[in-house]
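Could you walk me through this model in my viewer? I would like to know what to select at each stop and what is there.

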Amino acid sequence: MTPASQATDSLRGVSDIEIGRSKRARRAYAFDDIAIVPSRRTRDPHDVSVTWTIDAYTFDIPVLAAPMDSVVSPATAITMGRLGGLGVLDLEGLWTRYDDPEPLLAEIRGLAPEDATKRMQQIYAEPIKPELVTARLAEIRASGVPVAGALSPQRTQELYKTVVDAGVDLFVIRGTTVSAEHVSKNVEPLNLKEFIYELDVPVIVGGASTYTAALHLMRTGAAGVLVGFGGGAASTTRASLGIHAPMATAVADVAGARRDYLDESGGRYVHVIADGGLGTSGDIVKAISMGADAVMLGSTLARATDAPGGGWHWGAEAHHSELPRGNRVEVGTLAPLEEILFGPSTVADGRVNLIGALRRSMATTGYSDLKEFQRVEVVVAPYNGS
């Protein structure tokens, strides 16, 4: 065991809580449980940099739009790119199953709650068409913005050649949880290390929610690790599987793995991307304060008037063929995507002008860029919104 891991285990022991005589648990914190603290210095928000660089790509804002049909279409991926972020297209979604998904999107929006899961399972049973994968990625590439697509671990082996041949700048492997060591007696698991080594494009992989899981993913050669498990607005993973990772602790743990892997690898930096539980600008601020380099947003961007969900939000878990672990939820619409990101805002609850809020928070606490802001002081201060 390394000194770093020994120190980590020692700290965990300090925060153990006895649940009963046979079980102890570690205390973990959600974003609502923490707050950041101002320092002795303040800055002008216009002097703050929120740029983010991963591999050869630099983005004006540290925001990825989540690969969910209610959030990202080819059109919104292009809009995100032009606004300085990255839109990640779900390559197992409606746009790669149907020539014209708009009627299906309209149908999903209009489903009665009691019919939604069953009907969505039927809609998403349509096979993925490789020629549509190629066409959708080509549409995004033709606009001149960076191209990113996502597959689940189960579909990666089957479709990755189509995706790479179509031309992606960043490849995302995203599941409820992704491990570097999947064990199965029935199917040949994806060998992440071998797969990433053979690709010519940077790979972002996740979710992960613990130090150990993230460290193993970093050792596969991933350029970025997604942090999150069952914390999204449309997820019912905690209710159906009993699994959940409070995000403040999860991000801090994975950031710790990044630090130790940086030493272990002789200087290789793996980006930490918070993915889940990010409903407001304050949550985004706290994610970066915990050590995230960027955030992947779902419901937060699904509220845009130009989002394909039209005020509704759902993920792949909502239409799983055997065990759905998510719902189609109504999030409403607030403003165009550009205003959601950059304002101006007419609401005071942190749902609009996300980047303006991030800049102001960094300026108020005296930090000039995202890397510096990861060192901001935080306190445990549970939030009561009532």
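**Stop 1: a salt bridge between two helices**

Start by selecting Arg119 and Glu107, which form a salt bridge whose closest N and O atoms are 2.5 Å apart. Keep in mind along the way that this is a predicted model. Now colour the two helices: Arg119 sits in H4 (residues 113-123) and Glu107 in H3 (residues 102-110), so the pair ties together parts that are 12 residues apart in sequence. With a surface switched on, Arg119 counts as partly exposed, at 26% relative accessibility. Glu107 also counts as partly exposed, at 29%. If you would like to hunt for others later, the count of salt bridges comes to 12.

**Stop 2: the barrel**

Next, show the strands E6-E7-E8-E9-E10-E11-E12-E13: these eight strands make a closed barrel with parallel pairing. From one strand to the next, the twist averages 25°. For a helix on this sheet, select H6 (residues 153-166), which packs on it and touches strands E8 (148-151) and E9. The direction of H6 makes about 165° with that of E9.

Now go along the barrel wall, beginning at E9 (residues 170-174). Four bridges join E9 to E10, and the two run parallel. To see the register here, pick Ile173, which stands opposite Val205 in E10.

Move on to E10 (residues 203-208), which is joined to E11 by four bridges, again running parallel. Here the pair to click is Ala208 and Val227, the latter in E11, which stand opposite each other.

**Stop 3: strand E11 and helix H8**

Select residues 224-227 to isolate E11. Are its faces covered or open? Both are covered: Gly224 and Leu226 on one side are buried, as are Val225 and Val227 on the other.

Add H8 (residues 211-219) to the selection. Together, E10, H8 and E11 make a right-handed β-α-β unit. H8 lies across E10, E11 and E12, and runs at about 165° to E10. Within H8, click on Ala213. Ala213 counts as partly exposed, with 28% relative accessibility. For a sense of scale, draw a C-alpha to C-alpha distance from Ala213 to Phe59: the two are 27 Å apart in space and 154 residues apart in sequence.

**Stop 4: strand E12 and Asp275**

Continue to E12 (residues 271-275), which four bridges join to E11 in a parallel arrangement. Ile273 is the bridge partner of Leu226. How many of the five residues of E12 are buried? Five of the five are, so this strand is largely enclosed by the rest of the structure. His271, Ile273 and Asp275 cover one side, while Val272 and Ala274 cover the other.

Stay with Asp275, which is buried, with a relative accessible area of 12%. Leaving aside residues up to four places away in sequence, Asp275 touches Arg174, Leu226, Val227, Gly228, Met247 and Met296. Arg174 is also its salt-bridge partner, with the closest N and O atoms 2.9 Å apart. That pair links distant parts of the chain, with Arg174 in E9 and Asp275 in E12, 101 residues apart. Arg174 counts as partly exposed, at 22% relative accessibility.

From Asp275, step across to Met296 in E13, which stands opposite. Three bridges join E12 to E13 (residues 294-297), and these strands run parallel. Add H11 (residues 281-289) to see another right-handed β-α-β unit, made of E12, H11 and E13.

**Stop 5: helix H10 and a network**

Finally, select H10 (residues 247-264). Its 18 residues reach 25 Å from first C-alpha to last, close to the 26 Å expected at 1.5 Å a residue. Of those 18 residues, 13 are buried, so H10 is largely enclosed by the rest of the structure. After the helix comes Gly266, whose phi is positive, near 80°.

Zoom in on Arg258, which forms a salt bridge with Asp293, their closest N and O atoms being 2.8 Å apart. Where do the two partners lie? Arg258 is in H10 and Asp293 is in the loop between H11 and E13, 35 residues apart. Arg258 and Asp293 are both buried. Add Lys371 to finish the tour: salt bridges that share partners join Arg258, Asp293 and Lys371 into one network.

Notes: Residues numbered from 1 in each chain as written. Predicted model: local features only at pLDDT ≥ 70, side-chain atom pairs only at ≥ 80, totals over all residues. Heavy atoms only, no water. Buried < 20%, exposed > 50% of the residue type's maximum accessible area, 1.4 Å probe, protein only. Pairing = 2+ DSSP bridges. Right-handed = clockwise from strand over helix to strand, strands pointing away. Axes fitted to C-alpha atoms, helices over the stretch in contact; angles between N-to-C directions. Contact = heavy atoms within 4.5 Å. Expected span 1.5 Å × (residues − 1). Salt bridge = Lys/Arg side-chain N within 4 Å of Asp/Glu carboxyl O.
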